[in-house]
Amino acid sequence: MGNGFVIEEKARKGMKIVICFILFLYPILLFEADVGGVPIQTWMLYISIAALALCYALGGKKPRKNWRASFDRCGIIAILLALYECIRIVGNLFFYHKDTAYRQEIMIISFVVLYFLIAARPLFSEKYFHVVLFAGLVVFSLLIIHYLSGSGADRLMEVMLKDNRKAASFAVLVCTIALCQYCRSYSRYRSIFFGAVAFVGFFILFLNKNAVSIWLMLSVFIAIPIVFHPTVELVKRDMQMLFLYLFLLGNMGFLTTYTGLIKGGVAYSLDSCIYLNVAIVIGGIFFFRMWEKIPPDVDIKRLVIKRLGRKCFILLKICAAGAALVFINGANWKELPDGMGMSAIKAALVPVVEEVQTGKSAFYLCLEGQGIIGSLLILALCICMVMQIYKNHDRDWPVTGVLTMVAGVFFAQLLFWGECMNTLPLYVIFVLFAVFIEKGRAK
């Protein structure tokens, strides 16, 4: 019993170390290098999952109920997906004789293995969020050097500089975690840290100038009072960061046009920035008038604004309908006249349309590479995981809210961007934690 307990504890620590290794290492593996025709990031994923499986295998006696719980609807679909990928590999090797690296198939099988490992032992810890934030500071520092110097650290940043969607995907992840942690943290020093990381992340988002990521991050601010209990303190912190976000965005035109600090070819419309600053002032007036109605003697950490969550949910629906309208009209937004402030609307909407039209969503890439059967299995697995995440979400347990926000951002990205190997393992790990998290297992 004693030796078994020691082995079990060592296995748990080993799995946590491997997960921290994945969460910290992958975002900073930004250079391009192939080993045997396979990217080094992919090799590191295989090695990490193999190490995770080894730690689990050495963990002594395994609780059977964990394995049984993983063979639900999601688990069955995951098994069928892995079998399908194996059949594709065998078929191409022995029947069709196709010369391919099978990178996508092996990556999907690796994630299925990761699915069952986390399902059997979901060792979640909030420290994983902090690991990602520290990795974000490293990547953001390199990106700032590039944007301020115009050519600094380019060889170290080949992956993200090659496609701004990859930098945007990681920046949105870090900003979402930092924002959620800031809104729910009551520690002064932690709040300063989370707020500082979010501030730097917002700056990187604007320097990267990916229109979809800017609007996606804006939707995160709206979703905060929906996912968490909308206490006065949480709403205040959310609005603080929202005004900071909009203030930075509203001054990017002046920063890029007149200061000369930014040398990465970033340019913003001055007209749009002026209109946005006017909107910030008007919105601030309404917000502070509403804030004055709160009695000064109440505990703002416990007072819940019940109606705000419903209003934010309606606002999120309106934003989704507006996004659908933007995409349906497509390039027609370019034909709007320039008078009556239309130039500002064009400057806000046209980049989003162009980004969507030039990019390929992950679902399209799955259909292109995996065929109808593989795409349907992946889509079914995503739908089942979304349903389970919705079921697990509990406002009284805020950590599920952070995981839900990260999962929501990830699935929203799949509609616009393909996968980025530097961020995909991070998103997958947090999504799986959101699927399998239980209160009794939280550490």
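How do the residues of the lining of the largest cavity divide into nonpolar, polar and charged? In this predicted model, the division is 23 nonpolar, 1 polar and 1 charged. The cavity itself has a volume of about 490 Å³. It belongs to a set of 2 cavities of 30 Å³ or more in the structure.

The lining of the largest cavity comprises 25 residues. Nearest the centre lie Phe-111, Ile-378, Phe-410, Leu-424 and Val-428. Five helices each give two or more residues to this lining: H4 (73–96), H5 (103–120), H16 (362–392), H17 (398–413) and H18 (424–436). The greatest contribution is that of H16, with 8 residues.

The second largest cavity has a volume of about 80 Å³. Its lining consists of Ser-169, Phe-410, Gln-413, Leu-414, Trp-417, Gly-418, Glu-419, Cys-420, Thr-423, Leu-424 and Tyr-427. By class, these are 6 nonpolar, 4 polar and 1 charged. At least two lining residues come from H17, and at least two from H18. Both helices also give two or more residues to the lining of the largest cavity. Two residues recur by name. Phe-410 and Leu-424 line the second largest cavity, and both are listed among the residues nearest the centre of the largest one.

Open space was examined as well. The second largest pocket holds about 330 Å³ of space. It is lined by 15 residues, with Glu-32, Pro-39, Val-159, Lys-166 and Met-421 closest to its centre. Helix H2 (40–57) and helix H7 (158–162) are the elements that supply two or more residues to this lining. The pocket lining divides into 5 nonpolar, 3 polar and 7 charged residues. For the largest cavity, by contrast, the charged count is 1.

Aromatic contacts were then surveyed. Across the whole structure, 17 aromatic pairs are found. One of these joins Phe-124 and Tyr-128. Their ring centres are 6.3 Å apart, with 75° between the planes, and the pair is edge-to-face. Phe-124 has a relative accessibility of 2% and counts as buried. Tyr-128 is likewise buried, at 2% relative accessibility.

A further pair is formed by Phe-134 and Phe-193. The centres of these rings are 5.2 Å apart and the planes meet at 35°, so the pair is tilted. Phe-134 belongs to helix H6 (residues 127–149) and Phe-193 to helix H9 (residues 188–208), so the contact ties together parts 59 residues apart in sequence. Phe-134 is partly exposed, at 45% relative accessibility. Phe-193 is also partly exposed, with a relative accessible area of 25%.

Phe-124 and Tyr-128 take part in a wider grouping. Together with Phe-129, Phe-430 and Phe-433, they form one aromatic cluster.

Charges over rings were also found. The charged end of Arg-188 sits over the ring of Tyr-189, at 5.9 Å from the ring centre. The charged end of Arg-237 takes up such a position over Tyr-182, with a distance of 5.0 Å to the ring centre.

The count of disulfides is 0. Cys-180 illustrates this. Its closest cysteine sulfur is that of Cys-183, 6.8 Å away, which is too far for a bond. A disulfide would need the two sulfur atoms within 2.5 Å. Cys-180 is buried, with a relative accessible area of 0%. Cys-175 is buried too, at 0% relative accessibility.

Finally, a contact distance was examined for helix H8 (residues 164–184), in which Ala-171 lies. Ala-171 has a relative accessible area of 1% and is buried, because buried means under 20%. Its C-alpha is 9.6 Å from that of Phe-203, and the two residues are 32 apart in sequence.

Terms used. Residues numbered from 1 in each chain as written. Predicted model: local features only at pLDDT ≥ 70, side-chain atom pairs only at ≥ 80, totals over all residues. Heavy atoms only, no water. 1 Å grid on protein atoms, 1.4 Å probe; cavity = no way out; pocket = protein on both sides within 12 Å on 5 of 7 lines; lining within 4 Å. Points joined across faces, edges and corners; volume = space filled by probe spheres on them. Helix = DSSP H or I, 4+ residues; strand = E, 2+ residues; numbered from the N terminus. Nonpolar A, V, L, I, M, F, W, Y, C, P; charged D, E, K, R; others polar. Phe/Tyr/Trp six-rings, centres within 6.5 Å; stacked < 30°, edge-to-face > 60°. Buried < 20%, exposed > 50% of the residue type's maximum accessible area, 1.4 Å probe, protein only. Lys NZ or Arg CZ within 6 Å of the ring centre and 35° of its normal.
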